[in-house]
Amino acid sequence: MPVRPGQSGPWEVAAPQAPAPPQPIAEAERRPKRRRLAIVLVAALVLIVGVAAGQLIRPVPDPTVKLSLASSHVFQGAAPSLPWPAAGQSTVYVDGLGTMGSSGGSAPTPTASVAKVMTAYVYLRDHPLKTGEAGPVLTVSPQGVAEIPARKKRGESLLGITAGQRLTERKALEALLIISANDLAHELARWDSGGDQPFVAKMNAAARELGMTSTRYTDPSGYDSGTVSTAADQVKLLRAAMKVPAFTEIVNRRAYVPDDGSPARPGGNVLVGQYGVVGGKTGYTDAAGGNFVFAARKRVGGVPTLILGAVMAQKSPSAQGAVEAAGQLIQAVEGALTAATLAPKGARVGAVDDGLGGTTPLRAASPVTVVGWPGLRVPVGIEGDPPHQGGAGERVGEVTAGAAKVPLVLGAELDEPSYLKRLIRVN
């Protein structure tokens, strides 16, 4: 069949049609997507701003102090051998360091007049005296005067109170501690508590508070042999008493000087002023033997050091045997003490940590010197409650090295953590 021009035959394939161009998305379809995206962005922004604000308003950590020195120092060598008395019991203690040694066991023994340390301690605790203060004027009791003849007959140590006699609190305590006046021990008990027994109850309560577990008081003067203690317990008491200013002032006197112009009376502690001895109390009865508690001060390597001790139950006709034994101990202890400087003045010995990675150096305001004796390990620590901000040179703590306490100052300006550290903190 003829084919006309322009006409396809049955065996011809039709030319393919071109695809239709994509149709544009309607504006109505794009609008919800843009809103969702905007919401997500706004939410993310709000979250970021909230987190940042929360980080910035969170309190920064409290700064702490950290030690750069070793946490202890060991004094090389063998422990010192001290000249302990052959009889009785003894203890020597160095304040801030501990017991250097002891001898003679720990069985309670009569204290004799050493008990008056507790009498004075309890009285001053409830009737404190400022440095140099005389205190109230007290009148002796008729009962105390009536007891004088019997006390003299027994050979007790006495001031010898008289009817109507008036004494200041300080003078009464001086008579008690310096010349060991038994009559004043009982007067102080009456002035404080109305009588011996309620006052003795206070003495025993104070002993328990101080951890004197082997001590029992039955009278305020120590004349009664039922009043017993140990050398270790008496050192615990003396440590507490030596922190009372009026007590330390009184026991550092060699003689009792009456207010009425009568002659001075020497005290029993003849070591005052020797070997650095600044106080103590003697005691003697036939049942107790010779007793003596003592305190001495010595500067070791520039560090003021307090030595405390007790010598009890010495078989001598007076307290003098205990005093002589203590003198030998004091000299030996002072000879055994030595010092080591761990850091010079101005050295960096620690740092303030701001808790977010920042540190500010701490420098020693004076040499860090530790006192001890051969064989002793002395802990070294740091104490302080630093501020969040402070200027260079401001004191913010101290290094403790045994008995020594060395002030620490900021080696640079201390400031709070930066905003960046506060933003990126994780703690």
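In this predicted model, helix H2 meets helix H5 through Lys116, Val117, Thr119, Ala120, Tyr123 and Leu124. On the H5 side, the partners are Glu169, Leu173, Leu176 and Leu177. By class, this contact holds seven nonpolar residues, one polar and two charged. The H2 and H5 axes lie 10 Å apart, at an angle of about 165°. Angles over 145 degrees count as roughly antiparallel, and H2 is therefore roughly antiparallel to H5. The crossing of H2 past H5 is left-handed.

**H2 and its other partners**

H2 spans residues 116-126. H2 also packs on helix H6, residues 182-193. Here the axes come within 11 Å and cross at roughly 30°. Angles under 35 degrees count as roughly parallel, so H2 and H6 are roughly parallel to each other. H2 passes H6 in a left-handed crossing. H2 contributes Lys116, Thr119, Tyr123 and Asp126 to this contact, while H6 contributes Asn182, Ala185, Leu188, Trp191 and Asp192. Four of these residues are nonpolar, two polar and three charged.

The third contact is with helix H7, residues 196-209. The angle between H2 and H7 is about 95°, and their axes are 10 Å apart. That angle falls in the range from 65 to 115 degrees, so the two helices are roughly perpendicular to each other. From H2, the contact uses Met118, Thr119, Tyr121, Val122, Tyr123, Arg125 and Asp126. Facing them in H7 are Phe199, Lys202, Met203, Ala206, Ala207 and Glu209. The class split is eight nonpolar, one polar and four charged residues.

The table sets out the geometry of the three pairs.

| Helix pair | Angle between axes | Axis distance |
|---|---|---|
| H2 and H5 | about 165° | 10 Å |
| H2 and H6 | roughly 30° | within 11 Å |
| H2 and H7 | about 95° | 10 Å |

Some H2 residues recur. Thr119 and Tyr123 take part in the contact with H5, in that with H6 and in that with H7. Lys116 touches H5 and also H6. Asp126 meets H6 and also H7.

**Cavities**

How many cavities of 30 Å³ or more are there? The count is two. The largest cavity holds about 80 Å³ of space. Its lining consists of Leu177, Ile178, Ile250, Val251, Arg253, Arg254, Gly267, Gly268, Asn269, Gly280, Lys281 and Thr282. By class, four of these residues are nonpolar, five polar and three charged. Helix H5 (169-178), helix H9 (245-251) and strand S11 (277-285) each supply at least two lining residues. S11 gives the most, with three residues. Leu177 links two parts of this account: Leu177 lines the largest cavity and is one of the H5 residues that meet H2.

**The largest pocket**

The largest pocket contains about 400 Å³ of space. Its lining is made of 25 residues. Which of them lie nearest its centre? They are Ser113, Ser157, Ser180, Gly283 and Tyr284. S11 and helix H10 (320-336) are the elements that give two or more residues to this lining. S11 gives the most, with five residues. The lining has nine nonpolar, 14 polar and two charged residues.

S11 thus serves both spaces. This strand gives the most to the lining of the largest cavity and also the most to that of the largest pocket.

Note on methods. Residues numbered from 1 in each chain as written. Predicted model: local features only at pLDDT ≥ 70, side-chain atom pairs only at ≥ 80, totals over all residues. Heavy atoms only, no water. Axes fitted to C-alpha atoms, helices over the stretch in contact; angles between N-to-C directions. Helix = DSSP H or I, 4+ residues; strand = E, 2+ residues; numbered from the N terminus. Contact = heavy atoms within 4.5 Å. Nonpolar A, V, L, I, M, F, W, Y, C, P; charged D, E, K, R; others polar. 1 Å grid on protein atoms, 1.4 Å probe; cavity = no way out; pocket = protein on both sides within 12 Å on 5 of 7 lines; lining within 4 Å. Points joined across faces, edges and corners; volume = space filled by probe spheres on them. Left-handed = near helix turned anticlockwise from the far one by under 90°.
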